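Hi there,

Here is the structure I promised to pass along. Have a look at it first, and my notes follow below.

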Amino acid sequence: MTIHSYRTLLQEDGTPYLETEHSYETDGRKCYNTPDEIADFITANLQIQHCAEEYVYLLSLDNQNHLTGLAEISHGTVAASLMSPREIMQKALLLGAVKIALTHNHPGGDPTPSGDDIRSTKVVGEACRILGIGLLDHLIVSQSGWRSMRELELL
């Protein structure tokens, strides 16, 4: 099965729409139920653990946790990236997400969530709750490994 990575563009009237940016081949029957399964996909396909700047991605999933789409939320600096709840929810809705998982990288090598990571994730979690979209996890990856905010009980 082909999973597409999208970017958001504006039509002439200012309405946002999604345009395919990249495609990834995956097992369409694969369910992403655990942080290990999500981390395996991220590190194998996005390879953000090797990036020199921070990237934030949204993974869109259906009711059975099958991956249905992927969108880059932001690309920041070596030490920060914007995680706007509005942009995340817009892309989740455009992708028809029932559930989402977030991921971003820490180029410095330590995947431990920062205070800003925790606060941003809680705000996104509240926006998801209001819109009826499940937030499965937020994974932080680096060259030294990854951390799951769900496993750390920060969601």
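**Ser148 and strand β3**

Ser148 is buried, because its relative accessible area is 2%, under the 20% cut-off for that class. Please keep in mind that this is a predicted model.

Ser148 belongs to strand β7, which covers residues 145-148. A polar atom of the Ser148 side chain sits 3.2 Å from the backbone nitrogen of Arg150. Beyond its neighbours within four places in sequence, Ser148 touches Pro35, Asp137, His138 and Leu139.

The other part I looked at is β3. Seven of the seven residues in this strand (residues 55-61) are buried, so β3 is largely enclosed by the rest of the structure. Which residues cover its two faces? On one side, Tyr55, Tyr57, Leu59 and Leu61 are buried, and on the other side Val56, Leu58 and Ser60 are buried as well.

As for the pairing, β3 has these two partners to look at:

- Strand β4 (residues 67-75) runs antiparallel to β3, and seven bridges join them. Tyr55 has His75 of β4 as its bridge partner. The hairpin of β3 and β4 has five residues between the strands, and Asn65 there adopts a positive phi near 65 degrees.
- Strand β5 (residues 99-105) also pairs with β3 in the antiparallel sense, over six bridges. Here Ser60 stands opposite Ile100 of β5.

Happy to talk any of this through whenever it suits you.

Best wishes

Notes: Residues are numbered from 1 along each chain as its sequence is written. This is a predicted model: local features need pLDDT of at least 70, side-chain atom pairs count only at pLDDT 80 or more; totals for chains, interfaces and linings use all residues. Side-chain values use heavy atoms; hydrogens and water are left out. Buried means under 20% relative accessible area, exposed over 50%, partly exposed in between (1.4 Å probe, protein chains only). Helices (H or I, at least four residues) and strands (E, at least two) are DSSP runs, numbered from the N terminus. Two strands pair if DSSP finds at least two bridges between them. A polar contact is a pair of N or O atoms within 3.5 Å; within protein, one must be able to donate a hydrogen and the other to accept it, and residues adjacent in sequence count only if both atoms are side-chain atoms. Contact means heavy atoms within 4.5 Å.
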